Amino acid sequence: MTGLDPRALRTAFGTFITGVTVVTARTKSGAPLGFTANSFTSVSLDPPLVLVCLANTSQNYGSLVNAAGFAVNVLAETQVTVSNTFARPSDDRFAHIAWSDGPYGAPIIDGVSAWFDCKMYRVIDAGDHAILLGEVKAFDSTTAPGLGYARGAYVMPSAATAAMTTQSDLVVSVLIERDGHVLLVGDGVGGVTLPESVVGKDETVSSTLQRLLSETKLSAEPGFIYSVYEDTARRRQHLCFLCQAANGTPAKGAFVPLSAGCWDDVTDPATLTLLERFTAEAKVGSFGIYYGNQNSGEVRAIV
Ligand SMILES: Cc1cc2nc3c(=O)[nH]c(=O)nc-3n(C[C@H](O)[C@H](O)[C@H](O)COP(=O)(O)O)c2cc1C
């Protein structure tokens, strides 16, 4: 008894982010065996040594501590089911797994990030576990991203990174029309565009819309959504609102006639398409809502 709370200690150990491996070997009679382990550590380059810790409650304890060697299969991000298979009781964990014999004899699982086929170097008694030290006799590695494990849950590092980098900004823009003219402002790169703003951390779409309108210093009322599109190239989701302006001089930009020849300075192709559609629709007095991306989409009639 150490006086430490084992559950709290386990939780604290679990904060250490690890990879996930399946340690495999063969029984004396030649049957393949394996279990999921995140206790894998590289130990030494010369000689090339690795270790894994094996619970002495393992069904395979006797076979593993007496094995001539073992292989460490570093699981790829896509192999959560393999990890679960080798962590749960089963009559035959290898039944639905593609694998082959490693050069030193232990099973190597297909599609892993890396594998190390080892000769048993030493078995060290360590409390409720045994440390299996293996000397690497053969190995291979691929570019497949590895599966992670932290706080009792799987972690997919490359999927998480992709999700972070593909997260897009939500942009609100306003098409403010007055007497056949539309308000255009500088786009910061030498052209003009509709007044627009990214929805800030503490903002909502409607508060961003209100802010945009009040920044123009015009007496303009929020109108209806005119266009909803995703600019995949710039990772932005756009919501454009059609608003009518009454009096006032705009604080920034100028009202430009709704006529194709007046938009030479509009650099964003999606905004240009939107202005063309608005001009055509304004002529007949019937508006639709655009849904799509920056290149293509559909206009649905407002019913
Ligand atoms: C992500 C993960 C990591 C694990 N790491 C280890 C480990 O390092 N050592 C260990 O003995 N058991 C570990 N386990 C538990 C064993 O995989 C599990 O108890 C398994 O059922 C043991 O099988 P066996 O009794 O057939 O050997 C881990 C389980 C999971 C899900």
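In the predicted model, Ser 227 has Tyr 290 as its bridge partner in β21. Strand β21 spans residues 288–293 and runs parallel to β18, to which it is joined by 4 bridges. Ser 227 also has a bridge partner in β19, namely Cys 240. The pairing of β18 (residues 225–231) with β19 (residues 236–245) is antiparallel and comprises 6 bridges. These two strands form a hairpin with 4 residues between them, in which Arg 235 adopts a positive phi near 50°.

A separate group of strands makes up an open sheet of 7 members, ordered β3-β2-β6-β9-β10-β5-β4, with antiparallel pairing. β3 and β4 (41–45) lie at the edges and have a single partner strand each, so one side of each is without a neighbour in the sheet. From one strand to the next, the twist averages 35°. Within this sheet, β9 (residues 114–126) and β10 (residues 129–141) are paired in the antiparallel sense through 12 bridges. Met 120 is bridged to Gly 134 of β10.

The largest nonpolar core contains 35 residues, of which Phe 70, Ala 71, Val 72, Leu 75 and Cys 118 touch the most other members. Two or more residues of this core are given by each of β2 (21–26), β3, β5, β6 (69–74), β8 (107–109), β9 and β10. Another core, of 28 residues, lies apart from it and includes Val 174, Leu 184, Leu 218 and Leu 275. The surroundings of Val 72 were examined in further detail. When residues up to four places away in sequence are not counted, Val 72 touches Thr 21, Val 23, Phe 40, Val 50 and Val 52, together with Trp 115, Phe 116 and Cys 118. Cys 118 is thus both a contact of Val 72 and one of the core residues that touch the most other members.

The ligand is surrounded by 15 residues, and those that come nearest are Thr 36, Ala 37, Ser 39, Ala 55 and Ser 58. At least two residues of this shell are supplied by β3 (32–37), and at least two by β5 (48–55). Both strands belong to the open sheet, and both also give two or more residues to the largest nonpolar core. In terms of residue class, the shell consists of 8 nonpolar and 7 polar residues, with no charged residues.

Technical notes:
Residues numbered from 1 in each chain as written. Predicted model: local features only at pLDDT ≥ 70, side-chain atom pairs only at ≥ 80, totals over all residues. Near = placed C-beta within 6 Å. Nonpolar A, V, L, I, M, F, W, Y, C, P; charged D, E, K, R; others polar. Pairing = 2+ DSSP bridges. Axes fitted to C-alpha atoms, helices over the stretch in contact; angles between N-to-C directions. Core = buried A, V, L, I, M, F, W, Y, C linked by C-beta atoms within 7 Å. Buried ≥ 20, exposed ≤ 12 C-beta atoms within 10 Å, placed from the backbone. Contact = placed C-beta atoms within 7 Å.
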